Structure formats: structure tokens, C-alpha cells
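I opened this one cold and kept notes as I looked things up. Here they are, in the order I made them.

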Amino acid sequence: MKKKTTMTVTDIRYLAEGICSMTLRYPEGEAPEEVKPGQFAGLYPNDADKLLPRPISICRWDPEKKELRFVFRVAGAGTASLAAQKAGDTVDMLGVLGNGYNTGRLAGKKVLLLGGGIGVPPMLELAAALSKEPGTEVTAVMGYRDSDMFLTEELGKYARLLVATEDGSAGTKGNVLDAVREHGVKAQAVCACGPMPMLRAVKRYAMEEEIPAYLSLEERMACGVGACLGCVTKTAKVDGHSHVRNARICTEGPVFGAEEVEIG
Amino acid sequence: MSEKEQAARAAAGTGQSGKSESGRPDMSVTIAGVTLKNPVMTASGTFGSGMEYSEFVDLNRLGAVVTKGVANVPWEGNPTPRVAEVYGGMLNAIGLQNPGIDVFIERDLAFLSQFDTKVIVNVCGHTEEEYLEVVERLWDQPADMLEINVSCPNVKQGAIQFGQDPKCLEDITAKIRRIAKQPVIMKLTPNVTDIAEMARAAEAGGADAVSLINTITGMKIDIEKRQFVLANKTGGLSGPAIRPVAVRMVWQAAQAVKIPIIGMGGIASAEDAVEFMLAGASAVAVGAMNFHDPYLTEKVIDGMEKYLVRHSIGAARELTGAVR
């Protein structure tokens, strides 16, 4: 059940330059029964001139405390306004949205998680979920600009962690696939979230390795619930809902099988 | 225009009380012989076919659901990015992506017909023949009215041209009116010099009503990347930023024509909806602000009723054109 809820900020802090972590608690009785890794929510800036919710992926879900944690990059005035909130403030949230990862399909396998930049945060919830699946071996390879990294310690609790940095100041110099190759990581499935050039490279990598890849896509969104058709991705086949070769990232996605989408 | 419509419109200006037996104001309005339980609709393209928002809103409460534009065949729409936020509003260039009339009838109309609300089907096309084909396919379908989108700014060839030239508008209105089985609402674009002239052209062509405004053509440039934010370069501006323009155009159109007007453009509250009614609208539509608040349509209905009570007005239709 999707709804717009007024959440309370319980924790907010910067993890790295321009990277904000914000934890929001549901009011009593409002929390959803299930939150899947890879799902997202729309966070509304507390600014009257800004109308649209910001789609931000879920980094952690605490079903005991009824808290959702988001880690996002301060990219413009809307995210800056979110980052300026204090503990105890309220933030309106539309959620939870999107399909999320199908962890059942990954259980018992050697799974490679690839996160690039602000694609890292959803991989934490996914790593945590997969760590509960018996026989699942998770290797998380995270890519950052430089050694100003975030969420590495927490990822290390749930997965074998490798990092890559563009400037080589930590881990492998280069991108996440450079780190995968350097360490000779082998997997039976790959999940990725990050910038489009990285996702294209991951799609090619998975084809070469002949393993399934699940990509979390990003696009400018308006409604977040599948009504406006703003956030579509090109699909390989005619989509069941749209009846054209476009799928709604907010609803059919954001996680797609790599072969389902035409990302160039 | 039928006698019934003339009477309804005349009643609007006379302050005739329509207070119901319960003492609550009469929220119903009649447009082209179709009675809506209240004047609040959804604006085409902002509410899909109601399915997505039925998780948030009780569709039975709405005056009408106006569906996203549908063409004779599926349309892919424009490349992404298709949307961008701007101060007090948003730009969109979806390009009228739609699944085509066949799927629309089987899935979307079938879904909507379960609800006790009126259904207004928005029709789009590139050519006259495409519009007429859709209108004809809807002959025996559960659609209460048709809204003809001759004003989309984001589709190349056709579409908006019909809506920017009064002669073309009158002509296509007449052709659609001749074959349509349901009342025809022509949706007008604000991207014209004289909205009154366009409203008159629609009326002359036999339109049963007009709706306005569609979006205002706009643009946003990312100054860091030095590129257009929208793949289509230009997009339609909607949201509260356009409301004063929309209110002015509704007022101008109301001075120019006798057919009912459905007013829209940045409605964010019941007060905004009342403003459109006072300017001359017989009904209103909530658009982009559904994205800000998915519960907004119901709030506008409740708030409008409270406004009527507060001002001791017996019926919502008494608001229409009350400020001259």
C-alpha cells in the first residue's frame, strides 16, 4: 500500500562530502508490512516552491524501530533542503515505491553487488537481506571518486567488501569492474546500481560471463506512482502495461533484468 | 447548446439556491447535460486512468476522472528526460505516450466503469482521421464525455496546430461533433495570442464545452552541463506557477462564449478551485499538484463544500462566473 506519510527525522548526518544520511521513523501504525531491498521512496523538500518528491533509494529498513534510512547526494536545492533538516523535524514521504530486488532468486548463489557513487546505498540493504539467506556468498564491490568513502564499514558486516576509487586513493584504481577483474571475483548473479555508463558496462560484463544481471535504474520522476509516464526506460520487448517499448522505472522498476532494458 | 445546458448556465449566475434537503450545499454541476456529483475532476495526463491513484483516492468521490490522452494506436512518446521541476511548477514533455484505444477500452475503461464517477476520455491524434477514428471507437463505450486534446505542446506535427489556428479549431471541432456520440469538450492551449478567439472558434464548431488551460510551453537549461534538461528541449509548464494566467484565460473565455468552461492550471487547494469557478468555470480539474499530494482531489472537494457553507452559498454552481 503506497501512501504519503509525515515521517520524523531520528538521525541526520553527513557521511562524506555532499553525502547525507537521514533516518526517518514512521508514525505509530503507519509502517508497511514489508520493505524490499532496491525499493525507494519519494521525499518531499520542506519548500513551498518545490512540488515533486525526490526519488531516493532505501539504504536500510529497521522493522523493529519502523525506521527507513536514506543516504543521498546533495545535488540541488531540493536535496539541500532535505539535508538541512534536524532530528525531530518532519519530512513528508511517498512510499514505499518500486519493485525492489527479488532476493529469492539470488538465494544460495554467489552474488556480486556493484554500487557506484550514490548507487552504493541500496546495496547495503540488499547485502543485509542476502546475508540472511543460507548458502549465499555476497561480494560487494563499491566504487567511489576518492578515499572519501561512505557505508564501507557497514557493508563489510554483511559481505566481502572490495572498493575502487577513480583516483586510486583507496582500493583498486578505476571502476568497480576493474576491481572485479583485479581480484578475479566470480559470481552467479550480479546486482548493480550506479551511473548509466557503469550499468552499460555491467550489462556487457554479465553477458560475457553469461550470468543474470539486475540493474537498478534512475530517471527524473514526477508522480512516482506510475501515472505520469515521466520516468520510462526503453525495453527490449513491448511492455505489458504501456503496450509500447517503454517501462515505468517507478513502477515496473527500478530493478530490471539487464536483458529487459535497452540502455544503449 | 441544449436548452438544459442554457438553463444550467443561466442558473449559475442568478444565485438560485440549490441547497439539498440535508442542509448541505448542493455540490453537483451539470455540463452538457451530464451531471457530476461535484465540480472536481482530474486533469488529463496527471492521473493516468485512475488506477494508480485509486490507492490514495476514493474514485467514487470525484466529479469525473479525465483520462490520459489516447490515440488510435499505441504511441511511444518522447525520449527521457521527460520531466523537470521548476520554481512553483514542473515542465513535462511526455509526448502523449499511450497504449492505444484497444487496450484503453479493454483495460482502462473497464476499470473505471466499476466506479460511481463520470468518465471523460481525452482523445489525441496527429491527424484529423486519427482523432475521428478514436471518437468513433468510443461510440458504444462507457465514456460520459470526450475531451479533445488539440493543444499538446509536445507532439510534433498535428496536435497543437489544430488548437492554435481558429479556423482549424472550428473545423476539427465541427468534424468531431458531427460523429461523436458523447458531449465534446475542446481542450484549449494557452499558447495563443487571444484565448477568447479560440474559445469562440470551438463554440462555433459546436463544442459542448471547453477546458483550459493546457500547459504553457517552457524551457529549462542546465547551466553546469550547458544542455537542455528535457530531451525534447521544450516542455509544458504546469503547477501553481501558471495559475494566475489560467484564471485570467478562464475569465476571458467566459466573457466570450456561452458554453460551459472547465478550468484548470495549478490548482493546489479548494480556494484555488473556487477562484476558477468565480472566474467563470463550471467545473475544475486538479493536475500537476496530484504529484505533490496524491490525496488532493478529495481535499479540494471537501474544502469547496466548507467554503460554500462558510459563505452560505446553497450550490457550487452558483460560484460560476460570480465575479465579473
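A definition before I start: helices are DSSP runs of H or I with at least four residues, strands are runs of E with at least two, and both are numbered from the N terminus. I also keep in mind that this is a predicted model.

**Entry 1: one residue to warm up**

I picked B:Ile105 and found it in helix α2 of chain B. Buried or exposed, or in between, with 18 C-beta neighbours inside 10 Å? Buried takes 20 or more and exposed 12 or fewer, so B:Ile105 with its 18 counts as partly exposed. Next I looked for its contacts, leaving aside neighbours within four places in sequence, and got B:Arg137 and B:Gln141. B:Gln141 is 36 residues away along the chain, yet the two C-alpha atoms are separated by 7.5 Å.

**Entry 2: a loop residue**

B:Asn72 was my next stop, in the loop between β4 (64–66) and β5 (83–86) of chain B. I wondered how many C-beta neighbours B:Asn72 has inside 10 Å. There are 22, so B:Asn72 counts as buried. I listed its contacts beyond four places in sequence: B:Gly100, B:Ile101, B:Gly125, B:Glu130, B:Glu133 and B:Val134. I also checked B:Asn72 against B:Arg137, and their C-alpha atoms, 65 residues apart along the chain, are separated by 8.6 Å.

**Entry 3: helix α3 of chain B**

B:Val134 had just come up as a contact of B:Asn72, and I met it again in helix α3 (residues 128–137) of chain B, where B:Tyr131, B:Val134 and B:Val135 are buried. Why do I say that they line one face of the helix? Looking down the axis of α3(B), I see the buried residues fall within an arc of 100°, so one face is what they line. I then asked what they pack against, and noted α2 (101–112), β7 (118–123), β8 (145–149) and α5 (166–179) of chain B. Helix α2 is where I found B:Ile105 in my opening entry.

**Entry 4: chain B as a whole**

I stepped back and counted ten helices and 16 strands in chain B. Its C-alpha trace spans about 60 × 45 × 40 Å along the principal axes. The radius of gyration is 18 Å, which agrees with the value near 20 Å for a compact globule of 324 residues. Of those 324 residues, 60% count as buried. I looked at sequence separation too: among contacts between residues at least 6 apart, 73% join residues at least 24 apart.

**Entry 5: chain A as a whole**

For chain A I noted five helices and 15 strands. Its radius of gyration is 18 Å, close to the 18 Å that the globule rule gives for 264 residues, so chain A is as compact as a globular protein of that length. The C-alpha trace covers about 50 × 45 × 35 Å along its principal axes. I found 51% of the 264 residues counted as buried. Among contacts between residues at least 6 apart in sequence, 61% link residues at least 24 apart.

**Entry 6: two domains in chain A**

Chain A is divided into domain 1 (3–97) and domain 2 (103–216). Their centres, taken over C-alpha atoms, are separated by 24 Å. The contact between the two takes 14 residues from domain 1 and 13 residues from domain 2. On the domain 1 side, I see β1 (3–16), β4 (54–62) and β5 (67–73) of chain A each giving two or more residues. Which of them gives the largest share? That is β4(A), with five residues. By class, this side has nine nonpolar, two polar and three charged residues.

**Entry 7: where the chains meet**

I went on to the contact between the chains, which takes 25 residues from chain A and 35 residues from chain B. The chain A side divides into twelve nonpolar, five polar and eight charged residues.

**Entry 8: the nonpolar core**

Background I jotted down: nonpolar side chains tend to be buried together in soluble globular proteins. The largest nonpolar core here has 197 residues, and those with the most contacts inside it include A:Leu113, A:Ala127, B:Leu146 and B:Val250. Helix α7 (residues 243–256) of chain B gives the largest share, seven residues. Domain 1 and domain 2 of chain A both contribute residues, so the core lies between them. I closed on B:Val250: beyond four places in sequence, its contacts are B:Leu212, B:Ile261, B:Gly263, B:Phe276, B:Ala279, B:Gly280 and B:Ala281.

Note on methods
Residues are numbered from 1 along each chain as its sequence is written. Chains are lettered from A and ligands numbered from 1 in the order in which they are written. This is a predicted model: local features need pLDDT of at least 70, side-chain atom pairs count only at pLDDT 80 or more; totals for chains, interfaces and linings use all residues. Two residues are in contact if their C-beta atoms, placed from the backbone, lie within 7 Å. Ala, Val, Leu, Ile, Met, Phe, Trp, Tyr, Cys and Pro count as nonpolar, Asp, Glu, Lys and Arg as charged, and the others, Gly among them, as polar. The radius of gyration is taken over C-alpha atoms; the globule rule is 2.2 Å times the number of residues to the power 0.38. A nonpolar core is a set of buried Ala, Val, Leu, Ile, Met, Phe, Trp, Tyr and Cys residues joined through C-beta atoms within 7 Å. Domain bounds come from an automatic or database domain assignment. The arc is that of the directions from the helix axis to the C-beta atoms.
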